[in-house]
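Dear colleague,

Please find the structure below, together with its sequence. My notes on it follow.

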Amino acid sequence: MNFNYLIKPQSLYIHWPFCPYKCHFCDFVALAAHDAFMEEYHQALCNEIDVFFSNYPEKLMIDTLYLGGGTPSTYPDQLLIDLFALLNNYSVINPESEVTIEVNPGTVRKDQLKIWKNLGINRISMGVQSLNDFVLKKLNRHQSKQDVLSSIRDISYYFDNISVDLILGLPGITSNEWKEILSEVMLWPINHIAIYFLTVHENTPLYYGLKKNTVSLPPDDQTVDMYYWSIDFLSNYGFKQYEVSNFARNEFRSRHNTVYWQRKPFKGFGLGAWSFDTECRYSNEKNLKNYLEGLQAKKDITIIQERLSPE
């Protein structure tokens, strides 16, 4: 079972797995302290892109491109420029396309923002999660509220399509503080917000902290009450809910994420990336060594293939 190349996906996802640190709640395909592999990974990623697009005699028209992670804001500038040159060689990414990059506060430089703008990136998604420095530090998230505010200020100078992520139900955040955080966020120059319930994944430091009773979470009822309060609160500021966790002003819904929810085809590149051709979905190798060696040997790096019935 292989990706159906009769399908011409208009949405691409590119995974950059490298992170300067790993949060205690994170279960993503994310690698800390692996920066030495960045260039080798980039070359493997380009090889994967080459192989995919060799199946199409003409350029694909791209409506959405999403660089996720990991922390894509750590993608070295020249390598990212090379990546976009390759993509533009195989596909048509125009100013109307939605091109998103995920960033973490404290990892973005002003000169970097200008480079992204020139490459055609036009949407920034920033992982804020919380504005409580103490809570963030306890979760091994190396950012401060000041980092967030500085990043928002710098990003808004170049971009007007800005989204932020917050996590609801973090240990140490009261209902009143959650309301204060959301009230402050509403003062920022953003037009999209994602609010995710904290999920406790097995084998994460957060999971073990709960098992040892060194960490306690707010009661579920309280978290659910804050979720429904948030829906009403955001609506008053023009952020309309269009998915369980996502809220947007006017025309600023995430077109890329909507592709997933509407069961449209997409192609993912990189470590652990998923693809979907409207009938089957596929997952790439999640082990960095196997991913790099597999592409170097021109082997199939797919580790999961499954047919999705409408049910």
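One salt bridge deserves to be described at the outset: R255 pairs with D63, and their closest N and O atoms are 2.7 Å apart. This contact links distant parts of the chain, since R255 lies in helix α9 (residues 255-261) and D63 in strand β4 (residues 60-69), 192 residues apart. R255 is partly exposed, with a relative accessible area of 35%, and D63 is likewise classed as partly exposed, at 31%. Please bear in mind that the model is a predicted one.

In total, the structure holds eight salt bridges. Two others are set out here.

D77 forms a salt bridge with R109, with 2.4 Å between the closest N and O atoms. The two residues belong to distant parts of the chain, 32 residues apart: D77 is in helix α2 (residues 77-90), while R109 is in the loop between β5 (91-103) and α3 (110-119). Is D77 buried or exposed? Its relative accessible area is 19%, and because buried means under 20%, D77 counts as buried. R109, at 36% relative accessibility, is partly exposed.

R307 forms a salt bridge with E279, and here the closest N and O atoms are 3.1 Å apart. This pair also connects distant parts of the chain: R307 is in strand β14 (residues 302-307), and E279 is in the loop between β12 (274-276) and β13 (280-284), 28 residues away. R307 is exposed, at 56% relative accessibility, whereas E279 is partly exposed, with a relative accessible area of 47%. As for shared partners, salt bridges join D77, R109 and D111 into one network.

I turn next to the sheet. Nine strands form an open sheet with mixed pairing, and their order is β9-β10-β8-β7-β6-β5-β4-β1-β11. Strands β9 and β11 (267-269) are the edge strands, each pairing on one side only. From one strand to the next, the twist averages 20°. Strand β4, which holds D63, stands between β5 and β1 in this order.

At the β9 edge, strand β9 (residues 240-243) runs antiparallel to strand β10 (residues 246-248), and three bridges join them. Within this pair, Q241 stands opposite F247 of β10. The connection from β9 to β10 is a hairpin of two residues.

Finally, the helices. How far apart are the end C-alpha atoms of helix α1 (residues 38-53)? They are 23 Å apart; at 1.5 Å a residue, the 16 residues of α1 should span 22 Å, so the two values agree. The buried residues of α1 are M38, Y41, H42, A44, L45, C46, E48, I49, F52 and F53. This list includes the charged-type residue E48 as well as H42.

Helix α6 (residues 175-185) and helix α8 (residues 220-236) have axes that come within 11 Å of each other and cross at roughly 25°. Because angles under 35 degrees count as roughly parallel, α6 is roughly parallel to α8. The crossing of α6 and α8 is right-handed.

With kind regards

How values were computed
Residues numbered from 1 in each chain as written. Predicted model: local features only at pLDDT ≥ 70, side-chain atom pairs only at ≥ 80, totals over all residues. Heavy atoms only, no water. Pairing = 2+ DSSP bridges. Helix = DSSP H or I, 4+ residues; strand = E, 2+ residues; numbered from the N terminus. Salt bridge = Lys/Arg side-chain N within 4 Å of Asp/Glu carboxyl O. Buried < 20%, exposed > 50% of the residue type's maximum accessible area, 1.4 Å probe, protein only. Expected span 1.5 Å × (residues − 1). Axes fitted to C-alpha atoms, helices over the stretch in contact; angles between N-to-C directions. Parallel < 35°, antiparallel > 145°, perpendicular 65-115°, else oblique. Left-handed = near helix turned anticlockwise from the far one by under 90°.
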